[in-house]
Amino acid sequence: INGKNSDVVCVMSPAGCSHVSGFKVDNWKQNLRLIYQCFVWSGSVETRKRKVTLNSMHQSPVPVLFFSHSAIDLLYGGIYCFVCQDYIYDKEMEQIAKEEQRKAWKLQEFSKTSGIGEKYSMWEPTKRELELLRHNPKRRKITANCTIGLRGLINLGNTCFMNCIVQALTHTPLLRDFFLSDRHKCEMQSNSCLVCEMSQLFQEFYSGHRSPHIPFRLLHLVWTHARHLAGYEQQDAHEFLIAALDVLHRHCKGDDNGKKANNPNHCSCIIDQIFTGGLQSDVTCQVCHGVSTTIDPFWDISLDLPGSSTPFWPLSPGSDGSVVNGDSHPSGATTLTDCLRRFTRPEHLGSSAKIKCSGCHSYQESTKQLTMKRLPIVACFHLKRFEHSAKLRRKITTYVSFPLELDMTPFMASSKESRMNGQYQQPVDSLNNDNKYSLFAVVNHQGTLESGHYTTFIRQHKDQWFKCDDAIITKASIKDVLDSEGYLLFYHKQFLEYE
Amino acid sequence: MKMEDMSLSGLDNTKLEALAHDVYSDLVEDACLGLCFEVHRAVKQGYFFLDETDQESMKDFEIVDQPGVDIFGQVYNQWKNKECVCPNCSRSIAASRFAPHLEKCLGMGRNSSRIANRRIASSNNTSKSESDQEDNDDINDNDWSYGSEKKAKKRKSEKNPNSPRRSKSLKHKNGELSSNINPDLYKYNYSSGISYETLGPEELRSILTTQCGVISEHTKKMCTRSMLPDSETMLENDGYDAPDGQLIMSRLQWDGSSDISPSDSASSKASINNSESKRPKKKNKPSTLTLTTTGGGGERDKGQERERVVGGGSGSSNAQNALGLSIRKKRPKLPIPPAPSIYDDLN
């Protein structure tokens with residue numbers, strides 16, 4: 001677009017100009033709307049076709065509609081002033097543009113089906129906010145080598161079981177994003193909403209404060225709403241995690257008195273969206289081979305370990321422990337994958353545990369198998385290090401190696417077929433990213449069954465790891481993390497799809 | 001070339017590739033142009049450079065990686081004097097002693113209900129001094145054992161006899177509440193110390209219609225799980241259920257109606273080793289304890305056996321907190337109203 005040289009100085013207020021007043025006559029608003037609807041943001045198929053035709057016919061690099069002193073770029077709807085020789089941003093005209101854009105967006109098919117009602121638009125400061133921001137140049141910005149988002153937690157008296165879980169939750173990316181964008185709308189009448197407290201917790205973590213936070217209100221709320229946990233005694237971090245998720249889930253519905261909210265499967269609260277997966281259980285009658293399938297929701301997977309009183313190896317029923325289908329007792333350490341294979345293996349229920357088969361109309365022996373029907377966005381693995389059988393109470397300290405990246409495909413319900421044929425090593429479909437996970441938090445327990453201490457490793461800024469030991473946060477290496485014993489392992493899906 | 005006349009089927013590969021390339025270039029150019037407009041607008045509106053961090057702040061928040069200090073550059077273990085205000089009784093409590101305080105303050109400890117029961121039992125008596133002593137939440141919490149009432153070891157009270165907490169009587173269960181206590185806290189009844197032999201028929205009925213009531217062999221405590229279905233109820237998957245001879249059935253469609261909450265920890269119940277999948281219960285063996293500090297419960301735990309996983313932490317050392325309970329703190333002053341400033345219009 002070539003403009004003439006001009007000596008006229010353009011007055012902008014703030015980024016608009018006075019020259020467009022020539023345009024703003026008569027029914028200019030309606031005209032502008034028409035222009036936008038026909039040429040720029042076209043909702044219907046016909047208008048889109050027309051736009052494409054125009055596009056193919058234009059001479060200039062971008063299609064433009066010319067007026068006396070200005071022009072409208074038909075690609076993005078920008079207004080160019082020939083006198084100013086620049087694009088200008090007029091408040092009134094932009095308002096109209098925004099409205100037309102929104103209308104067209106809603107007309108599109110994908111908007112209706114995907115539920116994405118609005119085009120995402122970034123935050124822009126108002127004139128007032130601009131002034132304030134200029135007046136206050138100090139910024140708290142999260143950069144790569146920045147402490148913002150990290151904070152210690154005071155131990156309130158044997159409460160490290162709570163602190164370690166809080167650290168894991170505050171470093172769960174999706175959860176963090178949910179709370180930092182202020183998405184919780186509280187419907188609870190009283191002051192005792194745990195989700196609100198969680199929101200406050202994120203504010204504390206991102207406040208830039210260096211002194212550790214005192215989570216006394218959180219403890220009070222959790223003990224109020226999860227009575228079975230209450231009591232000043234050393235407690236189990238895993239149990240706290242489940243209780244906390246449960247209360248958060250209930251409070252997300254705005255339920256005032258904590259009565260058990262609806263069906264967990266119908267819930268669309270942020271907790272369910274992030275943490276809830278589906279575990280499929282198939283019981284197969286050995287006689288008629290009929291299968292009974294049930295699917296239950298889960299927030300965590302508890303895995304048995306070698307070293308407990310129940311034998312861990314062999315992983316497959318009927319094998320004698322030697323090499324069968326590639327799952328022999330390895331010389332190296334037990335891996336998380338081993339534990340998952342064992343968890344999802346078909347198990348003979350034995351003659352003492354016959355199930356009534358509706359096909360056979362009698363009690364028959366059967367096998368049972370668990371697989372993942374639906375994976376949560378955040379998968380939590382609980383290594384069962386604490387044995388509570390009748391005679392034994394002890395901690396199992398067997399080292400279990402766990403990876404930074406995990407592919408859950410072999411443990412899916414859909415992978416059962418190939419596993420039955422003995423293929424444990426499936427070719428990894430590199431294009432299918434649905435089941436790929438990255439480690440982001442590890443909770444460790446040091447000490448004995450009676451008395452011990454919890455700490456958490458968390459991941460921040462992609463590849464920086466930190467150790468959270470109550471009030472003390474220090475930098476950690478990936479090696480520190482992977483060499484640790486591991487009690488609760490938190491993995492996050494790598495790729496998120498719209499549903 | 002009119003758009004309507006074009007048909008892709010008649011074109012060979014080269015032409016198709018050229019077309020594809022054209023389309024792709026157009027898209028890339030349009031995207032670049034869009035970005036240019038965004039930047040231009042941001043500069044013109046004045047917010048493009050607004051989020052640049054100032055040097056000072058960048059230094060402030062830089063991660064420190066040195067031995068002996070945390071990432072903020074702070075020396076370890078300097079947080080011993082932190083305090084907080086109890087949401088229940090509004091007293092100022094040392095942070096590292098808050099958990100044991102809260103347990104008693106909410107009346108949730110193993111022995112709080114015993115204290116409460118005593119209070120009820122003695123409320124008909126006129127002995128004020130006895131109930132005062134029972135009110136003392138620093139009483140050594142002996143384990144209560146079924147069928148006998150061991151007297152708690154009395155400890156020297158450090159409490160100010162005029163402490164506001166004295167006037168709070170933790171009334172007995174079933175809905176009678178002290179006005180200062182949040183009703184929500186008493187959804188579940190006191191957990192321990194109830195002997196069926198000492199309860200009258202009315203009390204028994206009211207307890208057993210609202211709670212489970214089973215007395216554990218080990219702990220001698222009564223289960224106070226509410227009779228209402230709740231998330232703690234374990235639902236067992238007992239195998240076949242298929243009506244009409246259907247061999248394959250989804251009892252719980254994923255998108256349908258499962259009665260089970262994820263908090264039932266389906267995976268741990270479903271795990272193969274059944275003996276481990278039981279939820280570990282707290283186990284308290286009766287024993288005599290001597291408390292050597294006035295701070296309360298921190299060290300008592302170590303003498304007892306625990307079944308469940310424990311993780312407490314280093315914060316339980318409480319010698320330095322002995323003073324925390326006896327000092328009355330003044331309420332913090334109200335903040336001074338801010339001077340007029342450019343921020344006024346934001347409120």
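Modeller: In this predicted model, a crossing of two helices is called right-handed if the near helix is turned clockwise from the far one, and left-handed if the near helix is turned anticlockwise from the far one by less than a right angle. By that test, H9(A) passes H3(B) in a right-handed crossing.

Colleague: At what angle do helix H9 of chain A and helix H3 of chain B pack, and how far apart are their axes?

Modeller: Helix H9, which covers residues 216–225 of chain A, and helix H3, which covers residues 98–105 of chain B, pack at about 35°, and their axes lie 11 Å apart.

Colleague: What makes up the contact of H9(A) with H3(B), and how many of its residues are nonpolar, polar or charged?

Modeller: Since contact means heavy atoms within 4.5 Å, the residues to name are Phe216(A), Leu219(A), His220(A) and Trp223(A) on H9(A), and Phe98(B), Ala99(B), Leu102(B) and Glu103(B) on H3(B). Sorted by class, they give six nonpolar residues, one polar and one charged; Glu counts as charged, so Glu103(B) is the charged one.

Colleague: Why are strand S1 and strand S4 of chain A said to stand at the edges of their sheet?

Modeller: The sheet is an open one of four strands in the order S1-S2-S3-S4 of chain A, with antiparallel pairing. S1 (64–66) and S4 (86–88) each have a single partner strand, so one side of each is left without a neighbour in the sheet. From one strand to the next, the twist averages 35°.

Colleague: How do you know that S1(A) and strand S2 of chain A pair?

Modeller: Pairing asks for at least two bridges, and S1(A) shares three bridges with S2 (residues 70–73) in the antiparallel sense, so the two strands meet the requirement. Val64(A), for instance, has Asp73(A) in S2(A) as its bridge partner. Helix H1 (residues 13–45) of chain B packs on this sheet, where it touches S2 and S4 of chain A and has a direction at about 75° to that of S4(A).

Colleague: What makes strand S19 of chain A mostly covered?

Modeller: A residue is buried when its relative accessible area is under 20%, and in S19 (residues 452–460) this holds for nine of the nine residues. Both ways of pointing are included: Gly452(A), Tyr454(A), Thr456(A), Ile458(A) and Gln460(A) point one way, His453(A), Thr455(A), Phe457(A) and Arg459(A) the other, and all are buried. For chain A as a whole, 55% of the 499 residues count as buried.

Colleague: Which strands does S19(A) join through bridges?

Modeller: Seven bridges join S19(A) to strand S18 (residues 436–447) of chain A in an antiparallel run, and Gly447(A) stands opposite Gly452(A); these two strands form a hairpin with four residues between them. On to strand S20 (residues 464–469), S19(A) has five bridges, again antiparallel, with Gln460(A) opposite Gln464(A). The hairpin of S19(A) and S20(A) has three residues between the strands, and His461(A) takes a positive phi near 50° there.

Colleague: Where in chain A does pLDDT stay under 50?

Modeller: Chain A averages a pLDDT of 82, and 83% of its residues score at least 70. The value stays under 50 over residues 1–13, for which the model has 22 contacts beyond four places in sequence, and is below 50 over residues 255–262, which have 18 contacts beyond near neighbours in sequence. As pLDDT is the predictor's confidence in each residue, the placement of these two stretches should be read with caution.

Key
Residues numbered from 1 in each chain as written. Chains lettered and ligands numbered in written order. Predicted model: local features only at pLDDT ≥ 70, side-chain atom pairs only at ≥ 80, totals over all residues. Heavy atoms only, no water. Axes fitted to C-alpha atoms, helices over the stretch in contact; angles between N-to-C directions. pLDDT = per-residue confidence, 0-100. Buried < 20%, exposed > 50% of the residue type's maximum accessible area, 1.4 Å probe, protein only.
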